[in-house]
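Here is a short guided walk through a protein chain, written to be read with the model open beside it. Please turn the view as you go along.

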Amino acid sequence: MAFIELNDVTYTYPLMKEAALKNISYKFEKGKFYGVIGENAGGKTTLCNLLRGLVPHFYKGKLKGSATINGEDIKTIDVDKLSTQIGYIFQNPFTQISGVKKSVFEEIAIGLENLGVEKGEIIERVLKIAKLVNIESLLQKNPNELSGGQRQRVAFASVIAMDTDTFVIDEPTSQLDPDGTEAIFEIIHTLKEQGKTIVLVEHKVDLLAEYADEMLVMNKGNLIAGGPTKEVLSDLSLLEKGAMLPHTVLFNHELKLKGVELEHVPVTKEDCISQLKLRMK
Ligand SMILES: Nc1ncnc2c1ncn2[C@@H]1O[C@H](COP(=O)(O)OP(=O)(O)O)[C@@H](O)[C@H]1O
Ligand SMILES: [Mg+2]
């Protein structure tokens, strides 16, 4: 049995007519990296809420079909226990930051304290993660005084510090510059190498193409594509359905119109370059 199994899941928020998730079926395996893309209001965040049990436990509403995590039905799962297995980095970093702690250090430590981690280890883990996310200089600052990008990195650090087996991460780089974005992707990649399961919602599809094992594409609550990254991102028809595709896929399309055929559709820069080199021989 897969780690997370969604079987014909339809979910409607309270008081809403239209479902935010429509007949979604998918299997998530342990240790894999899943990228989620798709147009605004496609249902990406709602999918994250479901994987973390906030749908239906926090948001209520109507959940149909079957969803299981480690074989347990999401409808009856213990959400507190789930929070020790699945770390969730919210789309809005303002929601994540507790607002009750006086320093960034304490903000990152709060989850570990709640878990009953020993003090010396808390300090060690907070310093380590702060270095990794490049927020060492912020540790003494008041979380309420941070910029959007700084908040985003602190929110990221506070969840990563919990060291859960699975991370559900909703648009972690929306407030970050290209360097900050690259750094976050590198950390996520490292987590994957450590065997963590990752579900990452991101618009920067060129980076997802490099790192994700599988891609899911959401549109108006439907899962319109899902599978191995190369297969999904090679499909030009997704463009008409609000999904962004890697630059190399668009470039390949332009080449094709001009009569230049590559062996296969390149979804990463590296693949594109090696195919062009082959043709030049
Ligand atoms: N808390 C909520 N209550 C009611 N409707 C919601 C709520 N959150 C999201 N929605 C609706 O659900 C749909 C999917 O939203 P969302 O999952 O946030 O999409 P995405 O993350 O892809 O932009 C949208 O139509 C949105 O308006
Ligand atoms: Mg969203």
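Helix 5 and helix 6 are oblique to each other. This is a predicted model, and in it the axes of helix 5 (residues 104-114) and helix 6 (residues 119-132) come within 10 Å and cross at roughly 130°. An angle over 145 degrees would count as roughly antiparallel, and one of 65 to 115 as roughly perpendicular. The crossing of helix 5 past helix 6 is right-handed.

Which residues bring the two helices together? On the helix 5 side they are Phe105, Ile108, Ala109, Leu112 and Glu113, and they meet Ile122, Ile123, Arg125, Val126, Leu127 and Ile129 of helix 6. Helix 5 has Val104, Glu107, Ile108, Ala109, Gly111 and Leu112 as its buried residues. An α-helix has 3.6 residues a turn, so residues three or four places apart point the same way. The cover over the buried residues of helix 5 includes helix 4, helix 6 and helix 7 (148-160). After helix 5 comes Gly116, with a positive phi near 80°.

Ile108 also leads into the nonpolar interior. Together with Phe156, Ile108 has the most contacts inside the largest nonpolar core, which has 50 residues. Leaving out residues up to four places away in sequence, Phe156 touches Ile89, Val133, Ile169, Pro172, Ile184, Ile187 and Ile188. There is also a second, separate core of 30 residues, with Leu63, Tyr88, Val201 and Met218 among its members.

Next, have a look at Gln96, which lies in helix 4 (residues 93-96). Is Gln96 buried or exposed? Gln96 counts as buried because its relative accessibility is 16%, and the cut-off for buried is under 20%. A polar atom of the Gln96 side chain lies 2.8 Å from the backbone nitrogen of Phe90. Setting aside neighbours within four places in sequence, the contacts of Gln96 are Tyr88, Ile89, Phe90, Glu107, Ala155, Ser158 and Val159. One of these, Glu107, is among the buried residues of helix 5.

Leu200 is another buried residue, as its relative accessibility is 0%. Leu200 sits in strand 8 (residues 197-201). Residues up to four places away in sequence aside, Leu200 touches Phe33, Tyr34, Gly35, Val36, Ile169, Pro172, Phe185, Ile188 and Leu208. Ile169, Pro172 and Ile188 are also touched by Phe156. Between the C-alpha atoms of Leu200 and Ile86, which are 114 residues apart along the chain, the separation is 13 Å.

Finally, some backbone details deserve a visit. Most residues other than glycine have a negative phi, and most peptide bonds are trans. Two residues that are not glycines have a positive phi here, Lys60 and Asp163; the table sets them side by side.

| Residue | Phi | Place | Relative accessibility |
|---|---|---|---|
| Lys60 | about 60° | loop between helix 2 and strand 4 (62-69) | 53%, exposed |
| Asp163 | about 55° | loop between helix 7 and strand 7 (166-170) | 43%, partly exposed |

Where is the cis peptide bond? It runs from Val55 to Pro56, with omega near 5°. Pro56 itself lies in helix 2 (residues 54-57), and the loop that holds Lys60 runs between helix 2 and strand 4.

Note on methods
Residues numbered from 1 in each chain as written. Chains lettered and ligands numbered in written order. Predicted model: local features only at pLDDT ≥ 70, side-chain atom pairs only at ≥ 80, totals over all residues. Heavy atoms only, no water. Helix = DSSP H or I, 4+ residues; strand = E, 2+ residues; numbered from the N terminus. Buried < 20%, exposed > 50% of the residue type's maximum accessible area, 1.4 Å probe, protein only. Polar contact = N/O pair within 3.5 Å; in protein donor to acceptor, adjacent residues only side chain to side chain. Contact = heavy atoms within 4.5 Å. Core = buried A, V, L, I, M, F, W, Y, C linked by side-chain atoms within 4.5 Å. Axes fitted to C-alpha atoms, helices over the stretch in contact; angles between N-to-C directions. Parallel < 35°, antiparallel > 145°, perpendicular 65-115°, else oblique. Left-handed = near helix turned anticlockwise from the far one by under 90°.
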